[in-house]
Amino acid sequence: MSSYPRTRPALRPLRGLRPKSRGRLGLGAVGAVLTVLLAACGSSSSGNSSTSASPINLGISVPLSGPVGSSCSPMNKAMLAWFNHINSTGGIHGHKIKVDTRDDAYQAAEAVTNTRAFIANKVVAVTGQCGSVQPPAQMPLLEPAHIPFLFTFGSCVPCNSDPMYFNLMPNYGLQLAKEIPWVLQHDGTGSVVIMTSSTPGAATITTNVENAVKSAGGTFLASYSAPPGTADMTPYVLKMKAQHPDYVVLNMTPQDAAVLTKAMTAQKFAPTKDLIGSSAISQATFLSNVSPSLYPKIVVSSDVIPPSSASNTQCAKVLQAAGVQVTSVTLRGCGTAQVDVKALEQAKQPITGAGIAAVLESWNQVKASEIYPPISFSKTNHVGVSNFYIFGVKNGQFVVIGQLG
Amino acid sequence: MGLAISVIVSGIAFGLLIGLLSFVLVFLNKATGIANFAIGNIGMFETFAVYRLYTSGINIYLAVIIGLGFSVVFGAVVYQVIMRPFSTGSQANLLVRTVGLYLLLAAMADVFFGSHQPYSFPTLLPEGGISLGSAVINWSDMITVGIVVIVVSLFVTMFRFTALGLQFLAVAQRAATARLLGVRVPRLSMVAYMIAAPLAFIVALLVAPSQLLSSQMMDSILLYAFAAAVVGGFTSLPGTFAGGIIIGVAADLVATYVGGDLALTSALVMMLLTLAVRPNGLFGTPQVARL
C-alpha cells in the first residue's frame with residue numbers, strides 16, 4: 001500500500017511533451033503501477049518481505065550519563081550491537097527491530113519522561129534499563145499501557161508483583177540471601193555487616209541479608225547506608241572497623257563499592273574473611289578499581305557467565321565485530337538482547353505487549369541466551385533465572401568458584 | 001569516644017579538601033564578582049587531560065607538571081571565551097554562563113574521556129599513614145594540610161606585599177572605583193582565572209585517587225564547598241578553611257551517628273541557618289555602602 005503515493009506523480013500530465021508521447025508514458029506508468037501492485041500483493045501473501053514489513057518498536061531508557069553511565073552505557077551498546085546483528089540477518093520474521101534509546105542519567109524523573117514518550121510512540125516493550133532508581137517510577141506508567149518492562153539490570157522490589165514486569169536476575173536481596181549461606185558454609189560462620197547505597201528497596205535487601213545471615217548461623221552486626229556518589233566514605237569504614245566483622249556485604253553501585261574499598265584500604269581495614277557482593281558489583285568497573293590486596297576476599301554472585309568463559313560465544317563475536325569490548329556488562333547486554341529477540345520471535349503476530357507477556361509466561365527452562373542459564377517464567381513468577389554463579393578473583397579476573405541452583 | 005575522635009580527625013581531613021575548593025570559589029568571587037559554579041569541573045577536566053597524557057605513556061609527575069601549565073592556559077581561555085564577552089551584563093547572565101560551563105565540561109569529559117570511566121587515578125602522594133586510635137591519618141591528608149598552608153601563605157603574601165594583590169583587593173572592594181583609578185579589570189579577572197584553574201586542578205588531583213576519576217567526581221564536593229564558603233563567609237578567604245572544617249566534621253559526624261543520607265543535608269541546613277542568622281558567615285564582613 002505504501003507504493004501508491006510514490007507512483008502517483010507519474011500519472012499527472014507531463015508538461016512539454018506531445019500528446020502521443022504523453023499517452024505512451026501514461027500507459028507505461030499504469031503498467032508500472034500494476035506491476036508494483038502485483039508485486040506488493042505477492043509479497044504480502046508470502047509474508048516474508050523485510051522491506052514491506054513494519055518495524056518492531058522497542059524503547060530503552062538507560063543511564064548513558066550520570067553516576068552509573070559508565071557501567072550502563074557499554075551494556076546499551078552491546079544490546080544495540082545484537083539488535084543490529086539480528087536486523088542485518090533479516091530481522092524477526094522479516095520485521096526489523098527499531099530501538100528508541102533515551103538517556104535517563106539514572107534519574108527517575110528523566111526515566112518517566114522517556115517512558116511517556118515510549119507509550120506515545122506505541123512501543124511493544126520497554127527493555128534494557130540499568131539501575132534500581134528508575135524502574136519503580138516507570139512501572140506505574142507501563143502497567144496501565146499494557147507494555148511489558150523487560151529485564152532490568154537492577155533491583156526493583158516494588159515491581160515484582162506487577163504482571164507486566166519481567167526480570168531475568170533475582171533482585172540483589174534474593175541473590176545475597178542465597179549466596180550468604182553458601183559463603184558461610186564454605187568459609188565458616190561469623191559476624192556480618194552490610195553497606196548499601198540508598199536506593200529504593202535497599203531496606204528490603206538489608207532485611208533479606210539479615211535473615212539469611214541469622215538462618216545460616218552467623219551474627220548480623222549492623223547495616224549502613226550511603227547515598228550514591230557519597231564524597232567521603234571514611235566514616236562508614238571507621239564504623240565497620242569498630243565492629244571487627246568477619247564479612248562485609250556490599251549492596252552498592254559498582255563505583256560506590258570501589259570508592260568504599262579505596263577508603264577501606266586507606267584506613268587499613270578489611271573484613272577478616274570475605275567481601276561479599278551480588279551481580280551489582282560483579283563487573284569490571286568494580287574490580288578494576290579495587291586494591292589487589294582485597295582480591296582474595298572478594299566473593300560475588302552473577303547471573304551471567306564471566307568474560308573468561310565467553311570466548312566462543314556468538315555474543316563475543318558480534319561484540320568484537322561491533323568494536324565493543326567483551327566484559328561482564330556487555331555480555332549481559334548482549335544476552336539480554338538475545339532473550340528479547342527470542343521472546344519477539346515466539347510472540348503471536350502481530351506482536352503486542354500482551355503477546356510478549358503470554359509467551360514469556362509459557363517458558364519453562366528455555367535456553368534463550370548463551371550468556372544466561374535456562375530461563376523459566378510463569379503467571380506467578382516473573383523472575384526468569386533461578387540458578388547463578390559464584391565468582392572469586394584470580395589473576396585480576398572473575399572466575400567461577402561455585403554455582404547455586 | 002574513640003570512634004568519635006577518629007571521625008573528627010577524618011572530618012578535618014575531608015574539611016580541608018572542601019575548604020581548598022571553597023577557597024578557590026571565594027577567591028574568584030572576590031576577584032571577578034562571580035562565584036563560578038564550574039570551578040570543580042574545570043579541575044576535573046584538567047585531571048582527565050593529565051590522565052590521558054599518563055595513559056599515553058608519559059610519567060605521571062611530568063604529566064602533572066604539563067597539566068599545571070595547561071590549567072593556567074585553560075583558565076585564561078575560559079575567562080576570555082566564556083566569561084569576558086559582554087561581561088558588563090547582569091549577574092544572572094554571568095551566573096548562567098558558569099552553570100552552562102559546568103554542564104558543558106561534564107558533557108565534554110563524557111564524550112572525550114569517559115568511555116570507560118571511572119578510572120583509577122594513580123596516587124601522587126605516599127600511601128599509608130599514622131594510626132591515631134582506630135583512625136589512620138594518611139600521609140596524603142597531612143600533605144593536604146601542607147598544601148593548604150602553602151596556598152594561604154602565598155595568597156597572604158600576594159595580597160599584602162604585591163601590586164597585583166592590591167589591585168585584586170581594590171577590585172573586590174569597589175570595582176568601578178578601581179577601574180577609574182586605572183586598574184585593568186578584565187586583565188585582572190583573567191589573571192584570577194589563571195590562578196584559580198591550577199588550584200582547582202590541585203583539588204581534583206587530591207580527590208581523584210580516592211573518588212575515582214569520573215566526570216561527576218567533583219559534584220558532591222562542590223556542594224559542600226558552597227556550604228563551607230557561606231558558613232565561613234563568602235568574602236573571607238581564611239574563613240573558607242574554617243567553614244570547610246566545620247562542614248567536613250559535621251557531615252562525617254552526622255554520617256556516623258545519624259545516617260549517611262543526612263550528611264549532605266546537614267551541610268545544606270548549616271548553610272541556610274548561617275544565611276538566616278549571620279548572613280555574612282562566621283568570618284565575613286558586612287558590605288557597607290555610603291548613602
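Me: Before anything else, what does accessible area rest on here?
Reply: Accessible area comes from the Shrake-Rupley method with a 1.4 Å probe. Keep in mind that this is a predicted model.

Me: Okay, so how much area does chain A expose?
Reply: Chain A exposes about 16,300 Å². Carbon and sulfur atoms supply 55% of that area.

Me: And what share of chain A is buried?
Reply: Buried residues make up 56% of the 405 residues in chain A.

Me: How many helices and strands does chain A have?
Reply: You'll find 13 helices in chain A, along with twelve strands.

Me: What about contacts inside chain A, how far apart in sequence are the partners?
Reply: Take the contacts with a separation of 6 or more: 67% of them join residues 24 or more positions apart.

Me: Switching topic. How many residues does each chain bring to the contact between chain A and chain B?
Reply: Chain B brings 29 residues, and chain A brings 29 residues.

Me: How much area gets buried there?
Reply: About 2,300 Å² is buried between chain B and chain A, and 52% of it comes from carbon and sulfur atoms.

Me: How many salt bridges and polar contacts go across?
Reply: The salt bridge count between the two chains is zero. Eight residue pairs are in polar contact across the interface, both residues being at pLDDT 80 or more.

Me: Which part of chain B gives the most to the side touching chain A?
Reply: That's α1(B), with five residues.

Me: And what kinds of residues are on that side of chain B?
Reply: The side of chain B that touches chain A has twelve nonpolar, 14 polar and three charged residues.

Terms used
Residues numbered from 1 in each chain as written. Chains lettered and ligands numbered in written order. Predicted model: local features only at pLDDT ≥ 70, side-chain atom pairs only at ≥ 80, totals over all residues. Heavy atoms only, no water. Helix = DSSP H or I, 4+ residues; strand = E, 2+ residues; numbered from the N terminus. Buried < 20%, exposed > 50% of the residue type's maximum accessible area, 1.4 Å probe, protein only. Contact = heavy atoms within 4.5 Å. Buried area = accessible area lost by both parts, 1.4 Å probe. Salt bridge = Lys/Arg side-chain N within 4 Å of Asp/Glu carboxyl O. Polar contact = N/O pair within 3.5 Å; in protein donor to acceptor, adjacent residues only side chain to side chain. Nonpolar A, V, L, I, M, F, W, Y, C, P; charged D, E, K, R; others polar.
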